[in-house]
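I opened this notebook to record what I looked up in one structure. The entries cover sheets, helices, a cavity and salt bridges.

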Amino acid sequence: MASCWPFSTRFMAAGSATKVDTTFTNDWPASSYVEEWPRDRQWDKTLNGNDTNGDPAPGDERLSTSETQFRILVQGVADYAIYMLDPTGHVSSWNPGAQRIKGYQPDEIVGLHFSQFYTEEDRAAGVPDRNLSIASNTGRVEDEGWRVRKDGSRFWAHVVIDRILDERGELVGFAKITRDVTEQRAATQQLEQAREALFQAQKMEAIGQLTGGMAHDFNNLLMAVQGALELLRRRLPDDARTQSIFETAMAGLSRGASLTQRMLAFARRQELRPTAVDIPALVHGMSEMTKTTLGSRIMVTTRFPLSLEPAMVDPHQLELALLNLLVNARDAMPSGGNIEISAFVESVLPGHPSGLAEGRYVSLSVTDDGQGMPPETLARAADPFFTTKGVGKGTGLGLSMVHGLAEQSHGRLSIESEEGKGTSVTLRFPVASRQGGPTGHGGTRTTSAPQGFASGPSLKILAVDDDSLVRETLCAMLEDMGHVVVAAESARHAIVAFETPGQFDLLVTDFSMPGITGAELAEALRKLQPDLPIVVATGYAEALSEASPDITRLSKPFDRSALALAIATAAARLASSDGPGMSA
């Protein structure tokens, strides 16, 4: 059997003396580990290892002790593969660590080329020869990569190859150390994935907060413009040209309002009304609209199980999200192609890649065979305002809106794509309870106003908004409706103006204000006047959960009719109830 010891002892003729060369580390001259004897003692030492008198030489005894110590050291290492290579890369020694890690017995591997430890891909790329060349020229090479065991299984290896020179500086071989770091690599990758997930979550949260703030400010600007246009409508001359210009302005306003709703959707601040939704029925109900939108060159197929449990989601927002995904798929196939809409129920366990809470979810997927996305595009696909479409062909908020809907519905959006092979977008929503209906996403609900709400009685209204443009527009609209209005620029000013309970018939307040919110103001004034009708104007969904059930919500931006409806609804609620807290 071949020796398992990776270090060799050799006798060489050098000048007038014989030197024993024991090479233990890279680039160390062999003379560091040798003893010299006169030429006339060479033959006996070579044959017997003794001096001419038959006694072991002192230097030979020390060398033997050193060899034994190193033999024990190398043979005792089980976590590292330590072995020698000759100058051409053939294995010349083997230790138990190498046997354990790579699976070869010494007599199975000694004499074979070390390249067989490499994968076929690395051998084809010349990696083994390149590593030997680098070690030979520079003295050392360090590398990590996949290596192959005797049984064909792969492991991730950390490899060091050191050059070994003799006392004359000539290459005599290589010392090679291999360590199996597969588990450490997996742990490192998991840590990196966790860090990346945390970074993405923090990034999306930060962008969401920024987007929500922008949407709020934009909503206020739209509110001022829409209110002013509503007031102008009644004063416009009745000619076609003027009316056409006015309708163009209103159309632009509507597009702006739609944009803010998408921004709020991404920021998870839109108002949702989740119910138990039959996904196949919803998809089939969109078939006519889908055909018209996608065109004749797109073939849409569906794949649903015979029995699919309903999903808990807002059906109207889901239709918008699904339509957005279909349009994106169509745009990825300019020459036509196929789109498949599928759904199934899956059980999510702890540690699921989606990061969802444990439970059962309906997975709805839209898959196309279009162009696909490169990795850099896929990484930013759900970022707001990011688009690969041409100028004027997209806002960059489509997938952001879908992402916001999924998150706000306690679900998740995931995207898989490969360039040239298509894209699959999956939405996961919680399975609805057997009773169906909305879950505990409480809040106010808009009830139908009584007949003749637009021509109701004149009221004394306290109007509160911290934005001067919105406040002035709101007051003008209320006065145009025949009401008496007192304006307040903050909640604190409103409380001061409300010194005498009963002097106001109704409160109209913005929700998002610095210091004291509209919901907090409503609560404070209700303590002073329990029967006070209240309307809270907001673009945020949070207002629903913070306001009491008998407070009427008015979505921004709103027009004159929506404002009148909210006022009439708020008055009708309290008029038909025994007190606050009981909605009509």
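The entries below follow the sheets and then turn to the cavity and the charged pairs.

**Entry 1: basis.** I note at the outset that the model is predicted.

**Entry 2: the antiparallel sheet.** I looked up the strand order and found β4-β7-β6-β5, four strands in an open sheet with antiparallel pairing. β4 (81-85) and β5 (140-148) are the edge strands, each pairing on one side only. I recorded an average turn of 25 degrees between neighbouring strands of this sheet, direction ignored.

I then examined the pair formed by β6 (residues 154-165) and β7 (residues 171-180). The two strands run antiparallel and are joined by nine bridges. Which residue of β7 stands opposite H158? I found R179 in that position.

For the helix on this sheet, I looked up α6 (residues 127-138). Helix α6 lies across β4, β5, β6 and β7, and its direction makes about 165 degrees with β5.

**Entry 3: the parallel sheet.** I next traced an open sheet of five strands, in the order β16-β15-β17-β18-β19, with parallel pairing. Its edge strands are β16 (484-488) and β19 (552-555), and each of them pairs on one side only. From one strand to the next, I noted a twist that averages 20 degrees.

Within this sheet I checked the contact of β15 (residues 460-464) with β17. They run parallel and are joined by four bridges. A463 has V508 in β17 as its bridge partner. Helix α14 packs on the sheet and touches β15, β16 and β17; I recorded about 170 degrees between its direction and that of β16.

I also looked up α16 (residues 518-528). Helix α16 lies across β15, β17 and β18 (534-538), running at about 155 degrees to β17.

**Entry 4: the cavity.** How many cavities of 30 Å³ or more does the structure hold? I found one. The largest cavity has a volume of about 40 Å³.

I listed its lining as V464, D465, V470, L474, T509, D510, A537, K556 and F558. Which elements each supply at least two residues of this lining? I found α14 (468-480) and β17 (506-510). Both elements were already in my notes on the parallel sheet, where α14 touches β17. By class, I counted five nonpolar, one polar and three charged residues in the lining.

**Entry 5: salt bridges.** My search returned 17 salt bridges. I looked closer at R303 and E340, which form one of them, with the closest N and O atoms 3.1 Å apart. Where do the two partners lie in the chain? R303 is in strand β9 (residues 298-303) and E340 is in strand β11 (residues 337-348). The pair is 37 residues apart, and I entered it as a link between distant parts of the chain.

Note on methods: Residues are numbered from 1 along each chain as its sequence is written. This is a predicted model: local features need pLDDT of at least 70, side-chain atom pairs count only at pLDDT 80 or more; totals for chains, interfaces and linings use all residues. Side-chain values use heavy atoms; hydrogens and water are left out. On a 1 Å grid over the protein atoms alone, a cavity is a set of points where a 1.4 Å probe fits but cannot get out, and a pocket is an open set with protein on both sides within 12 Å along at least five of seven lines; lining residues have an atom within 4 Å of a point. Grid points are joined across faces, edges and corners, and a volume is the space filled by probe spheres set on the points. Ala, Val, Leu, Ile, Met, Phe, Trp, Tyr, Cys and Pro count as nonpolar, Asp, Glu, Lys and Arg as charged, and the others, Gly among them, as polar. Two strands pair if DSSP finds at least two bridges between them. Axes are lines fitted to C-alpha atoms, for helices over the stretch in contact, and angles run from 0 to 180 degrees between N-to-C directions. Contact means heavy atoms within 4.5 Å. A salt bridge is a side-chain nitrogen of Lys or Arg within 4 Å of a carboxyl oxygen of Asp or Glu.
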